[in-house]
Amino acid sequence: MAEGRLEGKTALVTGAGSGIGKAVSTVFGREGARVMASDINEEAAGAVASQIEDAGGEARSLRTDTTSEEDVQGALQAVVDAWGKVDIVVNNAGIGGPQYTWEQVIAVNENGVYYGCLHGLAQMIKQGEGGAIVNLSSMMGVTGTTTPAGPGGVGYAYHASKAAVIGLTRQFGLDGAPHNVRVNALCPGWIDTPLIALAKMSEELTNWMVDGTPMGRLGGADEIAKAALFLASEDSSFVTATHLVIDGGWTAR
Ligand SMILES: NC(=O)c1ccc[n+]([C@@H]2O[C@H](COP(=O)([O-])OP(=O)(O)OC[C@H]3O[C@@H](n4cnc5c(N)ncnc54)[C@H](O)[C@@H]3O)[C@@H](O)[C@H]2O)c1
């Protein structure tokens, strides 16, 4: 078998039990990384770790609520305890939709990413071998939008929190640069995961998402995972403190 692009690396992925986090964990495992699949849904994280192991990779799982700084620190420590170091952190856990309050969205999408960057970078600097942090922002962090559902775009808190992730990425990227710790963000467009299940129940909203995407379709979680692999691997060795939009053309309209 060819050498994987993450051979010898260890990775913490938050929100690993579903959608993009699941795809990222699977691709990282296939590329040789030892993956700590963490999620607030312990069972889902466990299933992803088992799937990676069944495919011949190495993975473990644990329950982490990223709104808790202590939990995030614990997840990083669990990677150190298991494999001696943390090379990659993917701050992926996120929520969105009208069912959540401002406080809930900010707690997961903004605070959770902050804790992962703060303690992930500190751990990597301590290790002295560089590293890569990948944060999940959104195209909604670089643009507002008008939806058929009324004002507020996809939610004020969602827009604000995803823009904050880009701000955090820039600043932690600057702080990590002298230590060869690269920090980057991904800004996906509409990706077909359980996150947009509610919107997909409406034909009007589904058409709005698809028709508004110049490529005329939703993206797949695997298409975001490939970009996460790029940002986590040596292929992006001079890329830091920036964000990559992957939206089928949505934000260029
Ligand atoms: N799907 C899209 O269209 C889209 C677009 C742009 C950005 N994103 C972002 O990508 C990331 C992943 O989204 P997805 O589409 O895979 O969603 P998803 O709902 O399929 O998966 C999110 C996962 O995060 C977990 N999670 C939620 N709150 C958590 C918490 N407090 N602590 C730990 N885990 C928690 C959930 O249990 C779930 O397993 C999110 O940050 C999301 O905002 C998604």
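The following exercises, each with a worked solution, concern a predicted model.

**Exercise 1. The sheet**

Determine in what order the strands of the open sheet are arranged, and which strands stand at its edges.

*Solution.* Step 1. The open sheet is formed by 7 strands, and their order is S3-S2-S1-S4-S5-S6-S7. The pairing in this sheet is parallel.
Step 2. Strand S3 (58-63) and strand S7 (242-246) each have a single partner strand, so they stand at the edges, and one side of each is left without a neighbour in the sheet.
Step 3. On average, neighbouring strands of this sheet are turned by 15° against each other, with direction ignored.

**Exercise 2. Two strand pairs**

State how many bridges join S1 to S2, and how many join S5 to S6.

*Solution.* Step 1. Strand S1 (residues 10-14) runs parallel to S2, and 5 bridges join the two. Within this pair, valine 13 stands opposite alanine 37 in S2.
Step 2. Strand S5 (residues 131-136) is joined to S6 by 6 bridges, and these strands also run parallel. Here asparagine 135 stands opposite alanine 185 in S6.

**Exercise 3. The surroundings of strand S2**

Decide whether the residues on the two faces of S2 are buried or exposed.

*Solution.* Step 1. The cut-off for a buried residue is 20 or more other C-beta atoms within 10 Å of its own.
Step 2. On one side of S2, Arg34, Met36 and Ser38 are buried. On the other side, Val35, Ala37 and Asp39 are buried as well.
Step 3. Strand S2 (residues 34-39) thus has 6 of its 6 residues buried, so it is largely enclosed by the rest of the structure.

**Exercise 4. Two helix pairs**

Describe how H1 packs with H2, and how H4 packs with H5.

*Solution.* Step 1. Two packed helices are described by the angle between their axes and the distance between the axes.
Step 2. For helix H1 (residues 19-30) and helix H2 (residues 42-54), the angle is about 25° and the axes are 9 Å apart. Angles under 35 degrees count as roughly parallel; H1 and H2 are therefore roughly parallel to each other. The crossing of H1 past H2 is right-handed.
Step 3. In this contact, Lys22, Ser25, Thr26 and Gly29 of H1 meet Val48, Gln51 and Ile52 of H2. These residues divide into 2 nonpolar, 4 polar and 1 charged.
Step 4. For helix H4 (residues 102-127) and helix H5 (residues 156-176), the angle is about 10° and the axes are 9 Å apart. H4 and H5 are therefore roughly parallel to each other.
Step 5. The residues of H4 in this contact include Trp102, Val105 and Leu121, and those of H5 include Tyr156, Leu168 and Phe172. The residues of the contact divide into 14 nonpolar, 3 polar and 3 charged.

**Exercise 5. Two individual residues**

Classify proline 194 and glutamate 7 as buried or exposed, and locate each in the chain.

*Solution.* Step 1. Proline 194 is in the loop between strand S6 (181-188) and helix H6 (197-200).
Step 2. A residue is exposed if 12 or fewer other C-beta atoms lie within 10 Å of its own. Proline 194 has 12 C-beta neighbours inside 10 Å, so it counts as exposed. Not counting residues up to four places away in sequence, proline 194 touches Ser18 and Gly19.
Step 3. Glutamate 7 lies in the segment before S1. Because it has 11 C-beta neighbours inside 10 Å, glutamate 7 counts as exposed.
Step 4. Glutamate 7 and glutamate 31 are 24 residues apart along the chain, and their C-alpha atoms are separated by 6.5 Å.

Note on methods:
Residues are numbered from 1 along each chain as its sequence is written. This is a predicted model: local features need pLDDT of at least 70, side-chain atom pairs count only at pLDDT 80 or more; totals for chains, interfaces and linings use all residues. Axes are lines fitted to C-alpha atoms, for helices over the stretch in contact, and angles run from 0 to 180 degrees between N-to-C directions. Helices (H or I, at least four residues) and strands (E, at least two) are DSSP runs, numbered from the N terminus. Angles under 35 degrees count as roughly parallel, over 145 as roughly antiparallel, 65 to 115 as roughly perpendicular and the rest as oblique. A crossing is left-handed if the near helix is turned anticlockwise from the far one by less than a right angle, and right-handed if clockwise. Two residues are in contact if their C-beta atoms, placed from the backbone, lie within 7 Å. Ala, Val, Leu, Ile, Met, Phe, Trp, Tyr, Cys and Pro count as nonpolar, Asp, Glu, Lys and Arg as charged, and the others, Gly among them, as polar. Two strands pair if DSSP finds at least two bridges between them.
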